[in-house]
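Colleague: Before I set anything up on this predicted model, could we go through its backbone outliers, one strand and one pocket, taking them in turn?

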Amino acid sequence: MELLTIGAFARAARLSPKALRLYDELGLLRPAAVDGESGYRFYDPAQLERARLIVWLRRLGMPLARIRQVCDLEPEAAAEQIAGYRAQIAAEAAAREQLATFLVDYLSGRGSAVEDRETMIGIRYAARSELGLVRTSNEDAVYAGTRLLAVADGVRGPGGDLASAAAIDALKPLETRAVPAGDLLGALTDAVGQAGRAIQDIAESTPSGEAVTTLTAMLWSGSQLALVHIGDTRAYLLRDGEIFQITHDHTHVQSLVDAGNLSPEEAASHPQRSLLVRALTGTGGSQPDLSLHTAAAGDRYLLCSDGLSAVVPEESLHGVLSGEGDPDQVLDELVRLAYAAGAPDNIACVVADVVTL
């Protein structure tokens, strides 16, 4: 079959020659032949299908690195990846919608959530990080104070433990800083940005050039708390005897559940259930979820790594959290359940009770 010049191929694929040259440099769409003297590129008409797929995926806003992965997959696997990306887009849009609604209420003066008033409540808290039964190192990091609760789970490999520690360290100054309720989200955003820069420095010092961690954290002011979340660490709320997961996992498997391609029961045993689609990597490519909540006396919060949530079912978490005992005693029982389930991963958790002062 006769090869097409770069210009003819660009017109057929509705791409510019400049884009084709970029895709060649990235290894995304190599020409079929290159003239040895002029360097002119020629393409096989059979490459048009891949080129058009690239065009469509770019219109979705998919990053080029992920497009390359999708294009190299078999059609069924590629469709699964695109469905996961669609779910990610929907989740990010929902987070932006939530933040936009909060800002509209705040700026119009209709939102009671940002009133900076003295509320006589506080928290009693406890934190724990334990080594899993089959692990030789612990990449989890935790922090609990009167105004800040945080759990981070570093991805195994060079820099994972340093990344989780850096994420927590970047948030710690918020514990002693007077942050008004109306600026909780802004303060958390700034701290996460600082964490990203620290993680980038760590990544640059590792052989793989990578350092990855999840992060779930809460910052309090009076009765208001801001929640930042990225990855598969989780936050739960026990209120009036009911348990609610108030974070959304940023995993490949959760994306499949969101898209309707997998049931929650299937997700629990899926071999790729820990594959993250969003995490703190220092590149700034993934943004965390941010939300504002109103706490009430009697609430109990649990922040944990998947070393707990992946092996202890939610009904068991509910039973422990709704039982008697202070935060330390609750953590003792949660860790015991994780070990009883085999503790294949490290266990990090924070429990906080909202109390009237």
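Colleague: Is Arg14 buried or exposed?

Modeller: Arg14 sits in the loop between helix H1 (6-13) and helix H2 (17-25), and its phi is near 60 degrees, a positive value in a residue other than glycine. The cut-off for the exposed class is over 50% relative accessible area. With a relative accessible area of 68%, Arg14 is therefore exposed.

Colleague: And Ala343, is that residue buried or exposed?

Modeller: Ala343 also has a positive phi, near 40 degrees, in a residue other than glycine, and its place is in the loop between helix H12 (327-340) and strand E13 (347-356). Buried means under 20% relative accessible area. Since Ala343 has 0% relative accessibility, the class that applies to Ala343 is buried.

Colleague: How many of the six residues of strand E9 are buried?

Modeller: Strand E9 covers residues 234-239, and it pairs in the antiparallel sense with strand E12 (residues 300-304) over five bridges, while four bridges join E9 to strand E10 (residues 242-245), again antiparallel. E9 is largely enclosed by the rest of the structure, because the number of its six residues that are buried is five.

Colleague: Which residue in E12 is the bridge partner of Arg234, and which residue in E10 stands opposite Leu237?

Modeller: On the E10 side, Leu237 stands opposite Phe244. On the E12 side, the bridge partner of Arg234 is Cys304.

Colleague: Which residue has a positive phi in the turn of the hairpin that E9 and E10 form?

Modeller: The two strands run antiparallel, and the hairpin they form leaves two residues between them. In that turn, the residue with a positive phi, of about 50 degrees, is Asp240.

Colleague: What is the relative accessible area of Gly231?

Modeller: Gly231 is found in the loop between strand E8 (224-230) and E9. Leaving out residues up to four places away in sequence, Gly231 touches Thr214, His248, Asp249, His250, Leu276 and Arg278. Gly231 is classed as buried, and its relative accessible area is 0%.

Colleague: How far apart are the C-alpha atoms of Gly231 and Ser305?

Modeller: Gly231 and Ser305 are 74 residues apart along the chain. For context, residues 24 or more positions apart account for 65% of the contacts in the protein chain with a separation of 6 or more. The separation of the C-alpha atoms of Gly231 and Ser305 is 9.7 Å.

Colleague: Which element gives the most to the lining of the second largest pocket?

Modeller: The second largest pocket has a volume of about 440 Å³ and is lined by 22 residues, of which Arg278, Ser286, Gln287, Pro288 and Asp289 lie nearest its centre. The elements that give two or more residues to this lining are helix H5 (75-108), helix H7 (184-204) and strand E11 (289-294). With five residues, the element that gives the most is H7.

Colleague: How many charged residues does the lining of the second largest pocket have?

Modeller: Arg278, one of the residues nearest the centre of the pocket, is also one of those that Gly231 touches. By class, the lining has seven nonpolar and ten polar residues, and the number of charged residues is five.

Colleague: Finally, what share of the exposed area of the protein chain do carbon and sulfur atoms supply?

Modeller: Buried residues make up 46% of the 357 residues in the chain, whose C-alpha trace spans about 80 × 50 × 40 Å along its principal axes. The protein chain exposes about 17400 Å², and the share supplied by carbon and sulfur atoms is 51%.

Definitions and conventions:
Residues are numbered from 1 along each chain as its sequence is written. This is a predicted model: local features need pLDDT of at least 70, side-chain atom pairs count only at pLDDT 80 or more; totals for chains, interfaces and linings use all residues. Side-chain values use heavy atoms; hydrogens and water are left out. On a 1 Å grid over the protein atoms alone, a cavity is a set of points where a 1.4 Å probe fits but cannot get out, and a pocket is an open set with protein on both sides within 12 Å along at least five of seven lines; lining residues have an atom within 4 Å of a point. Grid points are joined across faces, edges and corners, and a volume is the space filled by probe spheres set on the points. Ala, Val, Leu, Ile, Met, Phe, Trp, Tyr, Cys and Pro count as nonpolar, Asp, Glu, Lys and Arg as charged, and the others, Gly among them, as polar. Buried means under 20% relative accessible area, exposed over 50%, partly exposed in between (1.4 Å probe, protein chains only). Contact means heavy atoms within 4.5 Å. Accessible areas come from the Shrake-Rupley method with a 1.4 Å probe; for residues, only the protein chains shown count as cover. Two strands pair if DSSP finds at least two bridges between them.
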